[in-house]
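Please look over the structure below with its charged side chains in mind, and then with its nonpolar ones. The paragraphs that follow take these two topics in turn.

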Amino acid sequence: MMSVSAAMSAPAWLARMTEMLKAGQTKEAHAEWLKFRMRYPDVEVSPELQRQLETVN
């Protein structure tokens with residue numbers, strides 16, 4: 001069974017991760033980021049968002 005996030009479009013998934021960061025869920029957002037990159041390796045992500053997602057607090 002696919003996870004919910006794996007079925008999301010790239011823009012929806014990025015929006016979800018942005019909301020997770022705003023809510024202080026950095027570890028969870030980072031875990032989603034790793035899954036996102038496996039599913040969408042070529043999608044352009046803003047450098048600022050990418051930096052936030054790759055930095056785990």
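Glu19 is partly exposed, with a relative accessible area of 46%, and in this predicted model its side chain forms a salt bridge with Lys22, the closest N and O atoms being 3.6 Å apart. Lys22 is itself exposed, at a relative accessible area of 63%, a label that applies because this value lies over the 50% cut-off. The two partners both belong to helix 1, and since they are three residues apart there, about one helical turn separates Glu19 from Lys22.

This pair is one of four salt bridges that the structure holds. Another joins Arg16 to Glu32, where the closest N and O atoms are again listed at 3.6 Å, but here the pair links distant parts of the chain, with Arg16 in helix 1 (residues 10-22), Glu32 in helix 2 (residues 26-39), and their positions 16 residues apart in the numbering. Arg16 counts as partly exposed at 33% relative accessibility, whereas Glu32 is buried, with a relative accessible area of 7%. Side chains of opposite charge can pair when their charged atoms come close.

With which other residue does Glu32 meet in a salt bridge? The partner is Lys35, at an N to O distance of 3.0 Å, and both Glu32 and Lys35 lie in helix 2, three residues apart, which is about one turn of the helix. Lys35 is partly exposed, its relative accessible area being 35%. Taken together, Arg16, Glu32 and Lys35 are linked in a network of salt bridges, within which Glu32 is the residue paired both with Arg16 and with Lys35.

From the charged side chains we turn to the nonpolar ones. The largest nonpolar core has 14 residues, and of these Met17, Phe36 and Leu53 touch the most other members. Helix 1, helix 2 and helix 3 (47-54) each supply at least two residues of this core, with helix 1 giving the most, namely six residues. In soluble globular proteins, nonpolar side chains tend to be buried together.

Phe36 deserves a second look, and one may ask which residues Phe36 touches once those up to four places away in sequence are not counted. They are Ala10, Trp13, Leu14, Met17, Val43 and Val45. Met17, which appears in that list, is also named with Phe36 among the core residues that touch the most other members.

How values were computed: Residues numbered from 1 in each chain as written. Predicted model: local features only at pLDDT ≥ 70, side-chain atom pairs only at ≥ 80, totals over all residues. Heavy atoms only, no water. Helix = DSSP H or I, 4+ residues; strand = E, 2+ residues; numbered from the N terminus. Buried < 20%, exposed > 50% of the residue type's maximum accessible area, 1.4 Å probe, protein only. Core = buried A, V, L, I, M, F, W, Y, C linked by side-chain atoms within 4.5 Å. Contact = heavy atoms within 4.5 Å.
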